[in-house]
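Student: Could you take me on a close look at one helix of this protein and what surrounds it? I'd love a connected walk rather than a list.

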Amino acid sequence: MCGIIGYLGYRDAYPILINGLKKLEYRGYDSSGIAVFYENGYTLYKSKGKVNELKKKISSIQIKGTTGIGHTRWATHGGPDDVNAHPHVSNSNELILIHNGIIENYHAIKIILLKNGFTFKSKTDTEVLVNLIEFIKKKNKLSLEEAVRISLNEIVGAYSIAIVEKYHPERIVIAKLGSPLALGINEREFFIASDPIPFLDYTKNVIYLKDGEMAILRKGEELDLRKIVDNHKLSPIIQELQINLKEIEKGEYKYFMLKEIYEQPKTILDTLRGRLTDGLIWINGVESNKNIFINAKCITIVACGSSWNAGLIGEYLLEELARIPVEVEYASEFRYRNPILEKKDTIVIVISQSGETADTLSALKLAKKKGVFVFGICNVVGSSIARNVDAGAYTHAGPEIGVASTKAFTAQIAVLVLLALKIGKYRLSLTEYRYNHLCQEFGLIPEKVNRTLEMIENDIEKIAKAYYNVNNFLYLGRGINFPVALEGALKLKEISYIHAEGYPAAEMKHGPIALIDENMPVVIIATKKGCYEKIIGNIQEIKARKGKIISIVNEGDVQVSMLSDYVIKIPNISEELSPLLTVIPLQLLAYQIAFIRGENVDQPRNLAKSVTVE
Ligand code: F6R
């Protein structure tokens, strides 16, 4: 979490920093700060709260300088306040640092620094790092870059950093281990950011620093890229970005989340493009590892949050269509419990929108260490997870900016359907008829998502108005729609702060039924084929306890509709593909409720888009 930004060149740094921080707010937004450098000095401002608070604080001040760094924070060490906000300054006031990540051994280092007379204003690990660099620099009379390099070799943890020396504003030193860092390059200028979006207006040439690399940026000079461990000089690899600026603008929508919900017909189409044509499925990463997929005896899917929910849908799909046993694991649990992975027969699939989630990345590294083939499903091109897997498939959903995942989630499901069908075809585990039928229906999904959005809009608004004030919600589904119930509950909690739980519908009897009374809305996914009769039984049980039923049913449904307080109708589709439609009303319902409650939908409290701390 946390977003970092920097500029070194000939333009005024301040507007680049402040606008860049706005674009990085998805990474954290509890405090922010900037430092802009001029000859022999700098201007530093910090503020608690969102970047707009910082902007307000600075609004009447002229900030001049063509070198600068900035930071938007998601608090780890020390609360979200002005003192703990970045940039952090060393004791002598000469070194100014921004940092994304966690220094795990900061406490031990702090004790050494305290013994050597250093003092600390904040509770952060970052203030420890900037003073460690100062300590090593002064003691050994080193250049900034060499002091940074030696200090970083003492560090345990994760970081992307940028540091400037007060008396040398013509130079910024940056380094990366575990947290993302993109470097934009133009003639006579450098842009630093946690992802390339903040500098897209200026350049599309980007270098993604790899773990263990550092760079010295000097005004008017070539980039100097090195290995942190031994100072070995490296040749930079410059990539040209393919992002369209429209993709990162809200356009006519009030919130990115709403835009992203409505983009889904297109994003699913983009996910399928070139991969599903006339009943043929082509996924490069699968094609080139065909035998691994044919011979696999089990698959472990590892992810967090919504991506974990998508993984659970993947379990139903892969077991049903490819007949391979699948386990779905939370990355944070998997990585710490010495999982049993049979090198020869197992495939690990990691799923991540950002491709930077710390626990998922560590789980992937653990699996690779155990010699297991790891396949990645990622949205962000060039992200750490995408770079570290053996093979993979991008979701192609485009930049997802709303903190609550929507279009990336459906794109993940789309890739999992492709994967299950493809492996099923390899392994002859589904009939030719079923395969062809599902491929044909799959091709219709973008259009059906579009129709779903048209069909549900008015109903969702009514339901949101009726229930935006309740304290609890229950979401129920069976089979492949149970994970969709989990996802619906997750969406509601994270953006509206209403407590919500997702359950397998029949499991309700074993506990949650105790919660049901006339104040409890229960959202039930009751599509035709998914144990329809059983679901009707579950609805009766809820009604007997006066719970309110909001049902998601197929067009033409009669039985469930008659029993429901509110009905949301969606197009008919095969059960295997139904999550791609059933989740849409749940996303929109969460959005509408949060909107009516006046919450900041795109930036829910305490959350960040990219969870780069464990
Ligand atoms: C929920 C949400 C989070 C993420 C989770 C994993 O709407 O966005 O639960 O799904 O933090 O993130 P990624 O997919 O980037 O690994």
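Tutor: Let's start with T126, which sits in helix α4, a helix made of residues 125-140. Keep in mind as you look that this is a predicted model. Is T126 buried or exposed? With a relative accessibility of 1%, T126 is buried, because the cut-off for that word is under 20%. Leaving aside residues up to four places away in sequence, T126 touches H86, H88, L97 and H99.

One of those partners, H86, deserves a pause. H86 is joined to P87 by a cis peptide bond, with omega at about 0°. Find P87 in the loop that runs between β4 (67-73) and β5 (88-89). So when you follow the contacts of T126, which include H86, you arrive at one partner of that cis bond.

Now go back to helix α4 and look for L132, which is also found there. L132 has a relative accessibility of 8%, so it counts as buried too. Which residues does L132 touch, once those up to four places away in sequence are set aside? They are I109, L113, S151, E154 and I155. You can also compare positions along the chain: L132 and I150 are 18 residues apart in sequence, and 9.8 Å separates their C-alpha atoms.

From here, let's visit another pair of helices. Helix α10 (residues 305-322) packs with helix α14 (residues 407-427) at an angle of about 20°, and their axes are 9 Å apart. That angle makes α10 roughly parallel to α14, since angles under 35 degrees earn that description. The crossing of α10 past α14 is right-handed. On the α10 side, the residues making the contact include S306, N309, I313, L317 and L321. On the α14 side, F409, I413, L416, A420 and R427 are among them. Sorted by class, the contact between α10 and α14 has 14 nonpolar, seven polar and one charged residues.

Just before α10 in the numbering you may spot a cysteine, so let's ask about disulfides. A disulfide is a covalent bond between the sulfur atoms of two cysteines. How many does a search of the whole structure find? The count is zero. Take C2: this residue is in no disulfide, and the nearest cysteine sulfur, in C304, is 17 Å away. For C304, the closest cysteine sulfur is that of C378, at 12 Å, which is too far for a bond, because the pair would need to be within 2.5 Å. The surroundings of C2 and C304 can be described as well: C2 is buried at 8% relative accessibility, while C304 is partly exposed at 25%.

Finally, look at two residues with an unusual backbone sign for you to check. R188 is not a glycine, although its phi is positive, at about 65°. You will find R188 in the loop between β9 (182-186) and β10 (189-193), and its relative accessible area of 54% makes this residue exposed. N338, also a residue other than glycine, has a positive phi near 45°. N338 lies in the loop between α11 (331-334) and β20 (346-352), and counts as exposed at 58% relative accessibility.

Definitions and conventions. Residues are numbered from 1 along each chain as its sequence is written. This is a predicted model: local features need pLDDT of at least 70, side-chain atom pairs count only at pLDDT 80 or more; totals for chains, interfaces and linings use all residues. Side-chain values use heavy atoms; hydrogens and water are left out. Buried means under 20% relative accessible area, exposed over 50%, partly exposed in between (1.4 Å probe, protein chains only). Axes are lines fitted to C-alpha atoms, for helices over the stretch in contact, and angles run from 0 to 180 degrees between N-to-C directions. Helices (H or I, at least four residues) and strands (E, at least two) are DSSP runs, numbered from the N terminus. Angles under 35 degrees count as roughly parallel, over 145 as roughly antiparallel, 65 to 115 as roughly perpendicular and the rest as oblique. A crossing is left-handed if the near helix is turned anticlockwise from the far one by less than a right angle, and right-handed if clockwise. Contact means heavy atoms within 4.5 Å. Ala, Val, Leu, Ile, Met, Phe, Trp, Tyr, Cys and Pro count as nonpolar, Asp, Glu, Lys and Arg as charged, and the others, Gly among them, as polar.
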